[in-house]
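Student: I have a fold to go through before lunch. Can we walk through it piece by piece?

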Amino acid sequence: MTDKKVAIITGASTGIGKAAAIKFAKEGYITAIIARRNIDKVGDEIRKMGCECFDFAGDVSVEEDVKKMVGEVDKRYGRVDVLNCNAGVVVVKPVEDITYDEFINVSKINVGGMFLFTKYVVPIMKRRKKGSIINLGSVSGHVGQTEHAVYGATKAGCLSFTRAIAWELAPWNIRVNSVSPGSVDTPMLVGDCEGEAKRRGVPYEVIKKEREEEQAFKKWGTPEEIAGPIYFLASDEASFITGADLLVDGGWVAK
Ligand SMILES: NC(=O)c1ccc[n+]([C@@H]2O[C@H](COP(=O)([O-])OP(=O)(O)OC[C@H]3O[C@@H](n4cnc5c(N)ncnc54)[C@H](O)[C@@H]3O)[C@@H](O)[C@H]2O)c1
């Protein structure tokens with residue numbers, strides 16, 4: 001077993017997951033990262049920093065992929081200290097335009113991926129009686145966000161999964177928390193706003209401005225501003241925090 005701490009980060013090819021992977025690497029963790037595409041590029045970037053990184057191209061909603069990746073991490077390193085479930089997709093449309101296939105796909109990735117990683121990582125954490133799991137919620141799991149009904153339902157699912165698992169795993173000293181971002185400047189949010197601009201027939205900048213106004217700071221957060229709080233929840237500084245959701249939303253939900 002390695003002496004170094006090991007963090008698994010899902011959905012680490014872009015956005016918040018990539019920023020989290022780089023943060024954990026900088027803090028001395030061995031990182032194990034997964035996404036469907038381009039994950040080797042992030043792996044190369046982290047290895048160029050002089051840090052060990054295991055990158056795996058796979059789908060978090062496919063059980064065989066998750067089992068294979070987690071099994072390989074266990075074989076290589078013998079421990080998992082942190083699991084950060086970031087991988088997610090969004091569908092933004094009026095509810096009557098969302099297809100059942102889209103509903104299944106978003107649910108499978110956002111809730112199913114988190115479930116599968118938890119299922120396969122928990123036995124490894126239980127062996128060492130220590131671990132920290134951080135799931136990605138969203139303001140959409142807290143407030144009614146227009147045209148985000150299905151996405152919001154999956155994020156509320158992340159929050160209640162987090163709370164239940166926190167109680168279930170506390171006897172093994174495994175803490176489980178979530179981070180709920182507001183608008184963060186990532187390919188997901190940009191794509192989401194581009195889609196809305198097209199549907200409403202208005203320039204992208206108009207939508208961007210509207211979405212910025214939802215934060216008290218009148219701007220979007222950066223992926224690094226989410227990665228920091230994820231790292232805090234993973235660290236021993238948060239040793240008495242479990243079952244909590246940390247809103248990192250520039251004040252959105254406080255309004
Ligand atoms: N950006 C925001 O404003 C925002 C706000 C609230 C919550 N979130 C949540 O934060 C998380 C990260 O989002 P982001 O904004 O960085 O998005 P992003 O699109 O930049 O990154 C999503 C990552 O998930 C990966 N992914 C998607 N489906 C996958 C699958 N089936 N298997 C493996 N990997 C998959 C993508 O490849 C990518 O690496 C998501 O859970 C998202 O719901 C984002």
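Tutor: This is a predicted model, where local features need pLDDT of at least 70, side-chain atom pairs count only at pLDDT 80 or more, and totals for chains, interfaces and linings use all residues. Residues are numbered from 1 along each chain as its sequence is written.

Student: OK, the sheet. What is the strand order?

Tutor: Seven strands form an open sheet in the order 3-2-1-4-5-6-7, with parallel pairing. Strands pair if DSSP finds at least two bridges between them. Strands (E, at least two residues) and helices (H or I, at least four) are DSSP runs, numbered from the N terminus.

Student: Which strands stand at the edges?

Tutor: Strand 3 (53-57) and strand 7 (245-248); each has a single partner strand, so one side of each is left without a neighbour in the sheet. From one strand to the next, the twist averages 15 degrees.

Student: How many bridges join strand 1 to strand 2?

Tutor: Five bridges join strand 1 (residues 6-10) and strand 2 (residues 30-35), and the two run parallel. Thr-10, for one, has Ile-34 of strand 2 as its bridge partner.

Student: Which strands does helix 5 lie across?

Tutor: Helix 5 (residues 149-169) lies across strand 5 (131-136), strand 6 (174-181) and strand 7, and runs at about 165 degrees to strand 6. Helix 8 (residues 223-234) lies across strand 4 (82-85), strand 5, strand 6 and strand 7, also at about 165 degrees to strand 6. Axes are lines fitted to C-alpha atoms, for helices over the stretch in contact, and angles run from 0 to 180 degrees between N-to-C directions.

Student: Helix packing next. At what angle do helix 3 and helix 4 pack?

Tutor: Helix 3 (residues 63-77) and helix 4 (residues 100-128) pack at about 25 degrees, with their axes 9 Å apart. The two are therefore roughly parallel to each other. Angles under 35 degrees count as roughly parallel, over 145 as roughly antiparallel, 65 to 115 as roughly perpendicular and the rest as oblique.

Student: Which residues make that contact?

Tutor: From helix 3, Glu-63, Val-66, Lys-67, Val-70 and Asp-74; from helix 4, Leu-116, Phe-117, Tyr-120, Val-121 and Ile-124. Contact means that the C-beta atoms, placed from the backbone, lie within 7 Å. The contact of helix 3 with helix 4 has seven nonpolar, no polar and three charged residues. Here Ala, Val, Leu, Ile, Met, Phe, Trp, Tyr, Cys and Pro count as nonpolar, Asp, Glu, Lys and Arg as charged, and the others, Gly among them, as polar.

Student: And what about helix 4 with helix 5?

Tutor: Helix 4 and helix 5 pack at about 15 degrees, with axes 9 Å apart, and are therefore roughly parallel to each other. Among the residues in contact are Phe-103 and Met-114 of helix 4 and Tyr-151 and Phe-161 of helix 5. By class, this contact has eleven nonpolar, five polar and one charged residues.

Student: At what angle do helix 6 and helix 7 cross?

Tutor: Helix 6 and helix 7 (residues 204-213) cross at roughly 120 degrees, and their axes come within 8 Å. They are therefore oblique to each other. The residues involved include Cys-193 and Glu-194 of helix 6 and Tyr-204 and Arg-211 of helix 7. The classes are four nonpolar, no polar and four charged.

Student: Last topic, the ligand. Which residues come nearest?

Tutor: Gly-11, Gly-15, Gly-88, Thr-186 and Met-188, of the 27 residues around the ligand. A residue is near if its C-beta atom, placed from the backbone, lies within 6 Å. Helix 1 (15-26), strand 2 and helix 6 (187-200) are the elements that give two or more residues to the shell. By class, the shell has 14 nonpolar, eleven polar and two charged residues.

Notes. Two residues are in contact if their C-beta atoms, placed from the backbone, lie within 7 Å.
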